[in-house]
Amino acid sequence: MYVLGIESSCDECSAAIVENGSKIISNVVKSQISIHRPYDGVVPEIASRTHTEWIIPVVEKALEDAGLEKADIDGVAVTSRPGLVGSLLVGLSFAKGFSYSLGVPLIAVDHIKAHIYAPHLEQEIEYPYLGLIVSGGHTIIARVNSFDEMEVLGTTIDDACGEAFDKVAKHYGLGYPGGVAVDRLARKGRSDAFNFPDPSLHKGEHRYDVSYSGLKTAVINQLDQFRATKDKAGDEDIAASFEKAAIDLLLKRVGRAVEDTGLRRLIAGGGVAANTYLREQLAGRDDIEVYTPSLKLCTDNGAMIAGLGYHYLARDERSPLNVNAFSRVDGFKKVYP
Ligand code: KG4
Ligand code: ZN
């Protein structure tokens, strides 16, 4: 079964064709980074207008790369949440029209579940496991029982991890996109140049939760003072110290979740899972099997949407043609006791 996957939740316009939920036949990802760079962040209206211009050529390229015709497509999967609604609507409306005209089923999928699914496109992974989803909008530690069923153990109580990378980078003018710029600079910096405190969310209901708003403010305020009064702190040192603090926070929660659940497999997904320090630290753990997708499948892409969508279609689930787009996640709310 060939599933066409459409992803347009933020600034990547992507279409992919995946066979039977596992074999990537084509995966075209067209990034809007250069368009949003002058603004140091994604401008929602520009993003959705750009998707409108790009979506058809991107799908045509995905078909061409796959050596397939439209008539070969058996189903269409599309991100319907979470994301920028204007951007989501472009992909969703396209997917509806495409599936309607071909008379093939449509399935709307959740972007976060798709990030968790991404490494399944590269190797076989048995359920259950721990899922760590770290992106620009979400920071989630979950027990994952199947492609569709997950229980959130921990989450951020304020900003997302990737958002903190993006904001620190923007404040110091380190480059855009922020996460990639911090990662690149951090490789040349001293991670012990500055120490930032771990937010005191250690116990009870917050045992697996993280908070990034305090860290972000500390990095911005303390280092501004430091720069004004002492030697100029190098950008590399700021990047390395911030990166270590931000990632160690996650690693600590993951360690607790491994200990408490007894789960010995972990999948890390989402844009921040591309971070060099995070990947090194996870790979260095010999008590758990760690699966991280290749860099291309960490950030937003249509292949993870098509791969996940296949499993719903295979069990005869379909979305109605009036399915809507939503900015927020569904079913990923942490339930506090
Ligand atoms: O999953 P993604 O592509 O889009 C969302 O669903 O949000 O994640 C984007 C986020 C951004 O915040 C970006 O700065 C961050 O992932 N990111 C990174 C790295 N590459 C991307 N953060 C840290 N290190 C990286 N190498
Ligand atoms: Zn994403």
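Ala, Val, Leu, Ile, Met, Phe, Trp, Tyr, Cys and Pro count as nonpolar here, Asp, Glu, Lys and Arg as charged, and everything else, Gly among them, as polar. Keep that handy for the opening stop, and bear in mind that you're looking at a predicted model.

**Stop 1: ligand 1**

Select ligand 1 and bring up its shell. By class you get four nonpolar, 11 polar and three charged residues. There are 18 residues around the ligand, and the ones that come nearest are Gly136, Asp166, Gly179, Asp183 and Gly271. Now switch to cartoon and colour α4 (111–117), α5 (161–172) and α6 (178–186): each of these helices supplies at least two residues of the shell.

Next, draw some distances from the oxygen atoms of the ligand. Try Gly162, where a backbone N or O atom sits 3.2 Å from a ligand oxygen. Move on to Gly271: one of its polar backbone atoms is 3.0 Å from an oxygen atom of ligand 1. Then pick Asp300, which brings in a side chain, with a polar atom 3.2 Å from a ligand oxygen. How much of ligand 1 does the protein bury? Taken alone the ligand exposes 550 Å², and 87% of that is buried by the protein.

**Stop 2: the aromatic pairs**

Hide the ligand and show the aromatic side chains. The structure holds five aromatic pairs. Zoom in on Tyr127 and Tyr129, a stacked pair with 5.2 Å centre to centre and 20 degrees between the planes. Put a surface on and the two partners part ways: Tyr127 is partly exposed, at a relative accessible area of 27%, whereas Tyr129 is buried, at 1%.

Now select Phe194 and Phe196. Their ring centres are 6.4 Å apart, and the pair counts as tilted because the planes meet at 35 degrees, while stacked would need planes under 30 degrees apart. Both Phe194 and Phe196 are buried.

**Stop 3: a lysine over a ring**

Select Lys30 and Trp54 together. Lys30 lies over the face of Trp54, 4.1 Å from the ring centre.

**Stop 4: Phe326**

Finish at Phe326, in the segment after α11 (302–314). Is this residue buried or partly exposed? Phe326 counts as partly exposed because its relative accessibility is 37%, and that class runs between the 20% and 50% cut-offs. Add Ser80 to the selection and measure between C-alpha atoms: you should get 6.4 Å, although Phe326 and Ser80 are 246 residues apart along the chain.

Note on methods
Residues are numbered from 1 along each chain as its sequence is written. Chains are lettered from A and ligands numbered from 1 in the order in which they are written. This is a predicted model: local features need pLDDT of at least 70, side-chain atom pairs count only at pLDDT 80 or more; totals for chains, interfaces and linings use all residues. Side-chain values use heavy atoms; hydrogens and water are left out. Rings of Phe, Tyr and Trp (its six-membered ring) pair if their centres lie within 6.5 Å; planes under 30 degrees apart count as stacked, over 60 as edge-to-face and the rest as tilted. Buried means under 20% relative accessible area, exposed over 50%, partly exposed in between (1.4 Å probe, protein chains only). A charge sits over a ring if NZ of Lys or CZ of Arg is within 6 Å of the ring centre and within 35 degrees of the ring normal. A residue is near a molecule or strand if one of its heavy atoms lies within 4 Å of it. A polar contact is a pair of N or O atoms within 3.5 Å; within protein, one must be able to donate a hydrogen and the other to accept it, and residues adjacent in sequence count only if both atoms are side-chain atoms. Accessible areas come from the Shrake-Rupley method with a 1.4 Å probe; for residues, only the protein chains shown count as cover. Helices (H or I, at least four residues) and strands (E, at least two) are DSSP runs, numbered from the N terminus.
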